[in-house]
Amino acid sequence: MATYKAPRGTHDIYGKMALGLEKLDSISRQIFKKHNFKEVITPIFEEASLFTRSIGEATDIVEKEMYVFEDRKGRKLALRPEGTASLVRAYIEHRFDMTEPIGKFFYSGEMFRYERPQAGRYRQFSQMGAEYLANPNPNADAEIILVAKEILSALNIKDIKIHLNSLGCAGCRAEFRKKLVDYFSSVSDLCEDCKRRLEKNPLRLLDCKIDSSKFQNVPSMKECLCGECSDHFSQVQTLLKSVGCDYIVDDKLVRGLDYYTRTVFEVRSSSVGSQDALCAGGRYDNLVKELGGQQIPSVGFALGCERVLMACEQNGFFETVKTDDVVFIAVADEDLFPQAFTFANELMLNNNNIRKNIELSENITIEGPFLNKSLKSQFKLADKLGAKKTVVFGRNEFNNGKIIIKDMTVQEQKEISLPDFIMERIKNLDTSGFKMSAYAEK
Ligand code: HAM
């Protein structure tokens with residue numbers, strides 16, 4: 001039994017999940033860059049009030065889930081629960097509106113929420129997110145949704161559904177809010193959370209896990225959209241249709257953060273269990289101003305890397321993730337260890353001359369040589385590592401300027417001449433300070 005375990009709600013990422021995360025990261029970056037999004041790396045903690053103001057006082061995140069702490073000078077800080085507020089803070093602080101002709105940014109990193117852990121829901125999790133600032137038009141909403149879809153498609157996740165809704169502007173929401181308060185006031189035995197939220201944030205009642213089954217014929221946001229918001233929503237849909245992107249209009253979709261205006265969306269997968277939102281986002285036309293900047297309408301999304309990786313696993317993506325070929329460097333005669341070590345180092349330095357000479361592919365993982373192992377155990381280890389080729393340094397061959405290359409897949413070996421320049425380098429190595437006997441295999 002291990003003395004220490006990762007804290008509840010956190011997890012170590014290793015093995016194929018770590019490879020998958022690397023792949024997700026590189027695919028997302030390629031797609032973000034193709035769409036002209038520029039990376040911004042923000043701190044993992046910020047002033048707590050940045051999140052309280054942006055996400056909203058009456059949201060679960062702010063009420064129950066933030067990791068808030070005081071530093072030694074008594075500043076109230078919080079581990080970031082999401083990336084949008086930090087990105088907007090950086091946008092205002094560095095006047096990106098003056099320096100960036102297009103306000104497209106992306107970020108990746110760990111987020112922290114004190115939630116009840118379950119599959120797909122963690123207290124520390126990673127997001128990759130994109131924010132498109134300073135574009136009020138529906139093409140920005142459509143592009144954001146398409147970027148999210150493109151990433152998931154590139155990862156071979158097929159079973160996705162895009163849920164789409166519009167929350168309108170402040171005017172539309174005031175009317176909707178009134179209708180909701182009237183409606184919910186007539187529902188008996190609301191849960192404690194809903195009773196409290198009815199006053200502060202009645203929209204949140206719509207996705208209450210406890211009470212939602214009691215709600216029949218709930219007023220719909222659609223009925224409250226003003227002309228402009230309604231036009232914006234139908235233009236987003238026209239653009240999505242024009243590129244063949246399927247979606248479901250879902251008027252129950254309200255999202256758990258208060259900054260949204262107009263378009264909101266979630267991309268869900270049926271393969272990952274109850275936490276099925278792989279990615280989510282929407283428009284936030286007033287947030288930049290609320291945080292002290294200009295009126296800069298914006299839209300964005302973030303995908304949850306762990307959930308996306310769960311979907312990847314279900315959709316067979318990991319089987320397609322290739323690792324580089326392993327080349328194992330072995331020594332048959334221990335006194336050739338420094339020569340083999342030097343050779344391995346040359347290979348590491350990406351010496352294409354050597355690679356071509358011994359027919360190695362461009363991307364390889366190099367392992368060895370080892371000091372305290374017999375040739376037999378070196379071959380065993382090479383096998384365990386799945387090595388494609390093993391390079392063997394043996395005295396007789398080396399004296400003739402050669403090494404042995406064993407092709408491990410067909411168990412055939414051949415001798416090849418080392419290129420002159422490397423032979424020059426290693427044949428006269430002064431190995432007098434190297435005492436092999438100290439490392440004999442026990
Ligand atoms: P969010 O819906 O809170 O939105 O999170 C986005 C995604 O992060 C979720 O769809 C989910 O995949 C993942 N996620 C959230 N919480 C957890 C958790 N506890 N464990 C594992 N994964 C989780 C936002 O964060 C907004 N900032 C998105 C956005 C960007 N809106 C506009 N721009």
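In which sense, parallel or antiparallel, do strand E1 (residues 38-39) and E5 pair? The close-up views below, taken from a predicted model, begin with this pairing.

**View 1. Strand E5 and its two neighbours.** Strand E1 (residues 38-39) pairs with E5 in the parallel sense, over two bridges. Lys38 has Phe105 of E5 as its bridge partner. E5 is also joined to strand E6 (residues 124-133), by ten bridges, and these two strands run antiparallel. Within this pairing, Gly103 stands opposite Leu133 in E6. Because eight of the ten residues of strand E5 (residues 103-112) are buried, the strand is largely enclosed by the rest of the structure.

**View 2. The open sheet and its edges.** The sheet consists of eight strands in the order E1-E5-E6-E11-E10-E9-E7-E8, with mixed pairing. E1 and strand E8 (248-249) stand at the edges with a single partner strand each, so one side of each has no neighbour in the sheet.

**View 3. Strands E10 and E11, with the helices on the sheet.** Five bridges pair strand E10 (residues 277-283) with strand E11 (residues 298-304) in the antiparallel sense. Here Ala280 stands opposite Ala302 in E11. Helix H6 packs on the sheet, and its direction makes about 15 degrees with that of E11. Helix H9 (residues 227-242) also packs on the sheet, touching E7, E8, E9 and E10, and makes about 155 degrees with the direction of E7.

**View 4. The nonpolar cores.** The largest nonpolar core has 97 residues, of which Phe184 and Phe301 touch the most other members. Helix H6 (residues 138-154) contributes the largest share, eight residues. Another core, of 25 residues, lies apart from it and includes Leu347, Ile354, Phe398 and Ile405.

Definitions and conventions
Residues numbered from 1 in each chain as written. Predicted model: local features only at pLDDT ≥ 70, side-chain atom pairs only at ≥ 80, totals over all residues. Heavy atoms only, no water. Buried < 20%, exposed > 50% of the residue type's maximum accessible area, 1.4 Å probe, protein only. Helix = DSSP H or I, 4+ residues; strand = E, 2+ residues; numbered from the N terminus. Pairing = 2+ DSSP bridges. Core = buried A, V, L, I, M, F, W, Y, C linked by side-chain atoms within 4.5 Å. Contact = heavy atoms within 4.5 Å. Axes fitted to C-alpha atoms, helices over the stretch in contact; angles between N-to-C directions.
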